[in-house]
Amino acid sequence: MKAIKLDISKSGLQVPAEMQQKALEANRLLHTKMGAGNDFLGWVNLPSSITAEEIATIKAQADKLRAKAEVIICIGIGGSYLGAKAVLEAMSNSFGLLKKNRTEPIILFAGQNISEEYTSELLEAVKEYSVAAIVISKSGTTTEPAIAFRLIKAELEQRYGKAEAAERIVAITDKARGALKTLATNEGYPTFVIPDDVGGRFSVLTPVGLLPLAAAGVDIAALVKGAQDMEQATGADVPYEENLAAIYASVRNLLYQDGKKIEILASYEPKLQYIAEWWKQLYGESEGKQGKGIFPASVTLTADLHSMGQYIQEGERQLFETVISVNEPARKVVIEADEQNLDGLNFMAGKRISEVNRMAELGVQLAHVDGGVPNLRIEIEKIDAYTIGALIYFFEKACGISGYILGVNPFDQPGVEAYKKNMFALLDKPGYEEASKAIKARL
Ligand code: PA5
């Protein structure tokens, strides 16, 4: 695949034939649906199954919201939030909010925390704007988005009346189950379905990600096309040396077996920061179980060289680093010569900022490798919808393969229930009476 390349030459590893076979077998299991968690494999062939009609339906709904609202609030958490947020940040002008006479709606997020300040500031900030909302919850019962939605729904109903509010709210949820489904049916909200066999963190290419992105003006057809091409490039019959997902998954497992317990995803483009947040959820929730799994961390460089750089260079040697490297920036800024040269930067005069960034990247790579931090490099041609779509599917596929190599079910998340039980007990939720007494005694 031309848009994305993977360079493992600085990982310090040769992948043994046995591990190559393991990766290919894991990939086959994903396609034959014979492995653990096989009822959550709808994402494997999702890109190629998305039809032009589905994209058109999503765009049509997005256009309705765009016509009505200057601000669209997307309500969701985890997999029902991070994918849209990640792609949106990557695709947006970093300072787009400052543009006068914007034509695109402002997309804001809610329900990804339970902060009273955040919620209150959000409700206050949108007062002067026309507003619509997209509420996303697969289970339809998640507390954080449910709280935010209750408040935003009330605000919209108070402002526009119930009937018009129902035109400004779209629900994305399970086809039949959950409180959000019941509410959407009762209130008559337009609704999109999250397929049963696609888990939250693999759902960005369903309406969960596509509707907010289309509402923001992102070219979702190009995003899906990139994912489709990567689906083909990592298919069950693709040989190991051509299958980037199998290579990435096998190398990170070999590094893990070698004591490298933490993977840092690094990028030199700040607008990719949320791609790393999405990636952390994808890998953390998929692999961190049964006392196993690489801890996914992230840095944005060069900023974090001035904070985390010391640890990465010389701290405990349980790290490896995967860099998302962008070949061609979309914009050009040249550093000018200065007559006085008081800052001593004239040796850079005539160079583009991206050349300096590239030299920083290459210098850091070698420094980290010399310091005992193996390095993998994912080279992306540029930051556009097509390439980001391909990158998303690459990471998803590699995650499935990697989890199977590790020997876990990458598609469940039993561990996320523990905090919920405690929180409900502390909040005296009906049904939690005994747990409530027990936990309060421990405080
Ligand atoms: O990946 C997952 O399954 C989770 O992160 C969920 O996406 C998250 O908990 C939100 O769940 P829901 O969409 O049911 O509200």
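How many of the residues of S9 are buried? I began my notebook with that one, keeping in mind that this is a predicted model.

**Entry 1: strand S9.** I went through S9 (319-326) and found 8 of its 8 residues buried, so I noted the strand as mostly covered. Next I sorted the side chains by direction. Leu 319, Glu 321, Val 323 and Ser 325 point one way, while Phe 320, Thr 322, Ile 324 and Val 326 point the other way. That fits what I expect, since side chains in a regular strand alternate between the two faces of the sheet.

**Entry 2: partners of S9.** I looked up the pairing on each strand in turn. S7 (residues 262-267) pairs with S9 in the parallel sense over 6 bridges, and I picked out Ile 262, whose bridge partner in S9 is Leu 319. S10 also runs parallel to S9, joined by 6 bridges. There I found Val 323 opposite Arg 377.

**Entry 3: the sheet around S9.** I then traced the whole sheet: 5 strands, open, in the order S1-S10-S9-S7-S8, with mixed pairing. Why is one side of S1 and of S8 left without a neighbour? S1 (4-7) and S8 (295-300) stand at the edges and have a single partner strand each, so one side of each stays free of a neighbour in the sheet. From one strand to the next I noted an average twist of 20°. At the S8 end, S7 and S8 pair in the parallel sense over 6 bridges, and Glu 263 has Pro 296 as its bridge partner there.

**Entry 4: a helix on the sheet.** I checked what H11 (residues 244-257) does, and it packs on this sheet, touching S1, S7, S9 and S10. Its direction makes about 30° with that of S1.

**Entry 5: strand S4.** I turned to S4 (residues 131-137), which is mostly covered too, with 7 of its 7 residues buried. Val 131, Ala 133, Val 135 and Ser 137 point one way, and Ala 132, Ile 134 and Ile 136 the other. S2 (residues 71-75) pairs with S4 in the parallel sense over 5 bridges, with Ile 75 partnered by Val 135. S5 (residues 169-173) runs parallel to S4 as well, through 5 bridges, and here Ile 136 has Ile 172 as its partner.

**Entry 6: a surface patch.** Last, I looked at the outside. Ile 114, Ile 147 and Leu 151 form a nonpolar patch with about 250 Å² of accessible area together. Leu 151 lies in H6 (residues 143-160). Its relative accessible area is 38%, so I logged Leu 151 as partly exposed.

Note on methods: Residues are numbered from 1 along each chain as its sequence is written. This is a predicted model: local features need pLDDT of at least 70, side-chain atom pairs count only at pLDDT 80 or more; totals for chains, interfaces and linings use all residues. Side-chain values use heavy atoms; hydrogens and water are left out. Patches are made of residues with over 30% relative accessible area and no salt bridge: like charges are joined within 9 Å, nonpolar side chains (Val, Leu, Ile, Met, Phe, Trp, Tyr) within 5 Å. Accessible areas come from the Shrake-Rupley method with a 1.4 Å probe; for residues, only the protein chains shown count as cover. A salt bridge is a side-chain nitrogen of Lys or Arg within 4 Å of a carboxyl oxygen of Asp or Glu. Helices (H or I, at least four residues) and strands (E, at least two) are DSSP runs, numbered from the N terminus. Buried means under 20% relative accessible area, exposed over 50%, partly exposed in between (1.4 Å probe, protein chains only). Two strands pair if DSSP finds at least two bridges between them. Axes are lines fitted to C-alpha atoms, for helices over the stretch in contact, and angles run from 0 to 180 degrees between N-to-C directions. Contact means heavy atoms within 4.5 Å.
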